[in-house]
Amino acid sequence: MKIVVCIKQVPDTKGGVKFNPDGTLDRGAMLAIMNPDDKAGLEAALRIKDETGAEVTVLTMGLPKAEEVLREAIAMGADKGILVTDRVLGGADTWATSTTLAGALRNIDYDLIITGRQAIDGDTAQVGPQISEHLDIPVISYAKDIKIEGDSVVVERQYDDRYHVLKAKMPCLITALSELNEPRYMTPGGIFDAFDADITVWGRADLKDVDDANLGLKGSPTKIAKASDKVRKGAGEKVELDADESVAYIMGKLKEKHVI
């Protein structure tokens, strides 16, 4: 069985974010981590590997420094890492990103593709389902449990206050919630293996069946009108009232804001 996990290196927002003049994130200037939902998807793949002996390949698109998350994934137990990087792919929105990843996936043998539900730098939850559309394979999103049954996958899909149980024949794509599991730590031996591992690097020329018009910033129909760091909150309003006056004051403010 062959599993491909799509992971993304995202900004560690605890250290603040920085922007390019065109409004896109300046990823090269920020601390970065593996996207949490993607890490849960990776852990799900590694558990399937533990049970079935599956081969796990991790795939990412990004700057050359995104190689770091591939080596982290290998240190956790993944078998191979593929980095798709090229200047012409920069500034991609979800459409251009999914087009790029699908172009890379067409070069890889897979039974199951796992992505995170969404990335913390965009929160769109679009890339995984879009990849499945490009590849014309079934998708099950918001996975909170995954089981393999022969040539099919059975998934508990989170839905509001309940879940659906869905079964799909492979090949298919699953998007994972961060609540799916608790990702394992890198092992000392895994870290040594990751340090020595050969990372496959692909560029635009390696993408299969994609049009330049759908790649990078120029191929992104979504345009950023405005971007900013976290807005700092003011000091607020402080009043000193007795209990009855405090209740009346709070109720007045709630009515003023049309909360009640």
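Tutor: Let's begin with a term: two strands pair if DSSP finds at least two bridges between them. Keep in mind, too, that the model above is predicted. With that in hand, look at E7 and E8, which form a hairpin with two residues between them.

Student: Which residue in the turn of that hairpin has a positive phi?

Tutor: In the turn between E7 and E8, Gly 150 has a positive phi of about 65°.

Student: In which sense do E7 and E8 pair, and over how many bridges?

Tutor: E7 and strand E8 (residues 152–159) are antiparallel partners, paired over six bridges. To follow the pairing by eye, find Ile 148 and look across to Val 153, its bridge partner in E8. You can do the same with Lys 147, which stands opposite Val 154 in E8.

Student: What do E8 and E9 form?

Tutor: E8 and E9 form a hairpin as well, with two residues between them. In this turn, Asp 160 has a positive phi of about 50°. The two strands run antiparallel and are joined by eight bridges. Here Ser 152 stands opposite Lys 169 in E9.

Student: In which sense do E7 and E10 pair?

Tutor: Strand E7 (residues 139–149) pairs with strand E10 (residues 172–176) in the parallel sense, over three bridges. Ile 140 has Ile 174 as its bridge partner in E10, and Ala 143 has Ala 176. While you are looking at E7, stop at Tyr 142, which is found in this strand. Its phi is near 55°, a positive value in a residue other than glycine.

Student: Where is Pro 171 placed?

Tutor: Pro 171 sits in the loop between E9 and E10. Look at the peptide bond that leads into it from Met 170: that bond is cis, with omega near 10°.

Student: How many strands form the open sheet, and in what order?

Tutor: Nine strands form the open sheet, and reading across it gives the order E9-E8-E7-E10-E6-E1-E4-E5-E11, with mixed pairing. The edge strands, strand E9 (162–169) and strand E11 (200–202), each pair on one side only. From one strand to the next, the twist averages 30°.

Student: Which helix lies across E7 and E10?

Tutor: That is helix H4 (residues 127–135), which lies across strand E1 (2–6), strand E6 (112–116), E7 and E10. H4 runs at about 175° to E10.

Student: Now for pairs of helices. By what are two packed helices described?

Tutor: Two numbers do the work: the angle between the axes and the distance between the axes. Try helix H2 (residues 67–76) and helix H5 (residues 188–196), whose axes come within 7 Å and cross at roughly 140°.

Student: Why are H2 and H5 oblique to each other?

Tutor: Angles over 145 degrees count as roughly antiparallel and 65 to 115 as roughly perpendicular, with oblique for what falls outside the named ranges. The angle of roughly 140° therefore makes H2 and H5 oblique to each other. H2 passes H5 in a right-handed crossing. On the H2 side are Arg 71, Ile 74 and Ala 75, and they meet Gly 190, Ile 191, Ala 194 and Phe 195 in H5. Sorted by class, the contact residues are five nonpolar, one polar and one charged.

Student: At what angle do H1 and H2 pack?

Tutor: H1 and H2 pack at an angle of about 35°, and their axes are 11 Å apart. Their crossing is right-handed. H1 brings Lys 39, Leu 42, Glu 43 and Leu 46 to the contact, while H2 brings Glu 72, Ala 73 and Met 76. This contact has four nonpolar, no polar and three charged residues.

Student: When can side chains of opposite charge pair?

Tutor: They can pair when their charged atoms come close. This structure holds 17 salt bridges. One of them joins the side chains of Asp 79 and Lys 49, at 2.9 Å from N to O. The pair links distant parts of the chain, 30 residues apart: Asp 79 is in the loop between H2 and strand E5 (80–84), and Lys 49 is in helix H1 (residues 36–52).

Terms used. Residues are numbered from 1 along each chain as its sequence is written. This is a predicted model: local features need pLDDT of at least 70, side-chain atom pairs count only at pLDDT 80 or more; totals for chains, interfaces and linings use all residues. Side-chain values use heavy atoms; hydrogens and water are left out. Axes are lines fitted to C-alpha atoms, for helices over the stretch in contact, and angles run from 0 to 180 degrees between N-to-C directions. Helices (H or I, at least four residues) and strands (E, at least two) are DSSP runs, numbered from the N terminus. Angles under 35 degrees count as roughly parallel, over 145 as roughly antiparallel, 65 to 115 as roughly perpendicular and the rest as oblique. A crossing is left-handed if the near helix is turned anticlockwise from the far one by less than a right angle, and right-handed if clockwise. Contact means heavy atoms within 4.5 Å. Ala, Val, Leu, Ile, Met, Phe, Trp, Tyr, Cys and Pro count as nonpolar, Asp, Glu, Lys and Arg as charged, and the others, Gly among them, as polar. A salt bridge is a side-chain nitrogen of Lys or Arg within 4 Å of a carboxyl oxygen of Asp or Glu.
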